[in-house]
Amino acid sequence: MVKIETPYYLIDESKLLKNLKKIDYVKNQSGTKSVLALKCFSTWSVFDLMNKYMDGTTSSSLYEAKLGHEYFGKETHTFSVAYSKDDIKQLKNISDKVIFNSVSQLKMFYNEVRHLKVGLRINPGFSYSHFDLADPARKYSRLGSNSDKEIMSVLDKISGIMFHYNCENDNFKNFSDMLDRLALKYELILKKVEWISLGGGIYFTKEEYPIDKFCRKLKSFSEKYNLQIYLEPGEASITNSCELVTTVLDIVKNEKDIAIVDSSIEPHMLDLLIYRIQAKISAKAGKNEYIIAGRSCLAGDIFGTYKLASKLKIGSTVRFADAAGYTMVKKNWFNGLKMPSIVVKRLNGKVEIVRKFLYNDYIKSLS
C-alpha cells in the first residue's frame, strides 16, 4: 500500500461491501428499507457505493439532511429533537419524510410540511442500551412522545411513526420480544399508519446474527399491519470497515510500558472517552503488554491496555479497528492536533487520500 502520513482513517470498501450485502439481503427477504443514519457516519466519499444497496439517509439536523439529499440521493428522512422555523423553511424542499419529536412541534409546523410524509417519534418507555447516556427511554427522556392521548390527537396528520429504542442491540430474542411489546401497546396506531421506522442500533450485520429469523420477524410484522418498515443502520452499515492508523512517537515507563501514538481519543475517537471504553486493536495478541496512549495533554488520553505478540518501538504502526462509527463525524481540533486524513481503499484495490486536513483548516475553524 502507498505510504501515507499518519494518523489517518482507512475505510476499506471491500469490508464495507460485506455489511451492505447483508443490508440488501434483509431488504430482499423481508421487504424492509434501510436508510443510513448520518449521525454515525457521513463520509460521503463512499456514498456512491452505499447508495447502491441502501434506500436513502436519515438525519438529525438541517446540515445532515442537506448532505444526504445532495450527496446520497434517494429518500431523505429528516428528524430533529427540535426544529427552528428556518430549519423547516429549508427542509420542506429537500425532505421526503419529516419526523417530529413532539406533538407540539408537529402542530406548530404541520401546515408547512403537510405535502410531505409526516411522522411522529414515539417513546415506548422501554429500550435496550448498555449506557444510560445513550438510553432513549431513560428517566425524564425528551426523546419522543409518550402520551397516548397526544398521539391519538394528531393521528389524522401523520402517515408514519418512528421508534428509536435500541443501542448496539445484537440480541435477536430481545429485539423480537420488544417488537411484540410494541405491537401489543400500539396496535391501534399501527393499523392507522402507512410506515414505521424501527430506528437504528440493531446489530444485524454482526457475524453469527440470526439474519433469517430477523427477516422473517420483520416480514411477519409488516404483513400483519400492512406497513412499510424502515431500518436506520448506522454502526451496522459500517462496522469493521475502517481503521485508525497511527505511529508510535515515544515509549515511556511508569511501572508499565506506555506507547504514545500520533493521535488522541478526544479529537479522533471521542466515544472512547464518553463511554469509557477501550479501542479495539488490529494486532495479534501475545505477552508484550503496553498501555497505548494519545499525545494530548489530557491525563486520561488512553486508547487501552493491550498484550501484543510483537514489541512496539518508536516508528511502529498501531492500527485501531472498527473506527468508522461516531469518529469522523465527531473529530475536533482539541489541543490543535492534526486531524487524521480520510483514506479509502476502493473495491479495485486503489488507495485514495480523499481528504487531508492542514493548518489552514484549523485556522478557518476558529475566529
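Biologist: Which strand do four bridges join to strand 16, and which way do the two run?
Modeller: Keep in mind that this is a predicted model. Four bridges link strand 16 with a strand made of residues 351-355. The pair runs antiparallel, and the partner is strand 17.

Biologist: What is the bridge partner of Val 344 in strand 17?
Modeller: Val 344 belongs to strand 16, which covers residues 341-345. Across in strand 17, Val 344 is partnered by Glu 352.

Biologist: Which residue takes a positive phi in the hairpin of strand 16 and strand 17?
Modeller: There are five residues between the strands of that hairpin. One of them has phi near 95°, and that residue is Gly 349.

Biologist: How many bridges join strand 1 to strand 16, and which residue stands opposite Ile 342?
Modeller: Strand 1, residues 8-12, runs parallel to strand 16, with five bridges joining the two. Opposite Ile 342 of strand 16 you'll find Tyr 9.

Biologist: So is strand 16 mostly covered or mostly open, and how many of its residues are buried?
Modeller: Buried here takes a relative accessible area under 20%. Strand 16 comes out mostly covered, and the buried count among its five residues is four.

Biologist: Where is Pro 7, and what is omega for the peptide bond that joins Thr 6 to it?
Modeller: Pro 7 sits in the segment before strand 1. Its bond with Thr 6 is cis, so to speak the flipped form, with omega at about 0°.

Biologist: Why does the end-to-end distance of helix 1 agree with its number of residues?
Modeller: Helix 1 takes in residues 13-30, which makes 18 residues. At 1.5 Å a residue, the span should be 26 Å. The end C-alpha atoms agree with that, as they lie apart by 25 Å.

Biologist: Which residue just after helix 1 takes a positive phi?
Modeller: Helix 1 has buried residues including Leu 16, Leu 20, Ile 23 and Ser 30. Just past the helix, phi turns positive at about 85°, and the residue is Gly 31.

Biologist: Is Glu 255 buried or exposed?
Modeller: Glu 255 lies in the loop between strand 10 and strand 11. It isn't a glycine, yet its phi is positive, about 70°. Exposed needs over 50%. With a relative accessibility of 76%, Glu 255 therefore counts as exposed.

Biologist: And Asp 322, is it buried or exposed?
Modeller: Asp 322 is in the loop between strand 15 and strand 16. Its phi is positive too, near 50°, in a residue other than glycine. Its relative accessible area is 16%, so Asp 322 is buried.

Note on methods
Residues are numbered from 1 along each chain as its sequence is written. This is a predicted model: local features need pLDDT of at least 70, side-chain atom pairs count only at pLDDT 80 or more; totals for chains, interfaces and linings use all residues. Side-chain values use heavy atoms; hydrogens and water are left out. Buried means under 20% relative accessible area, exposed over 50%, partly exposed in between (1.4 Å probe, protein chains only). Two strands pair if DSSP finds at least two bridges between them. The expected span of a helix is 1.5 Å times one less than its number of residues.
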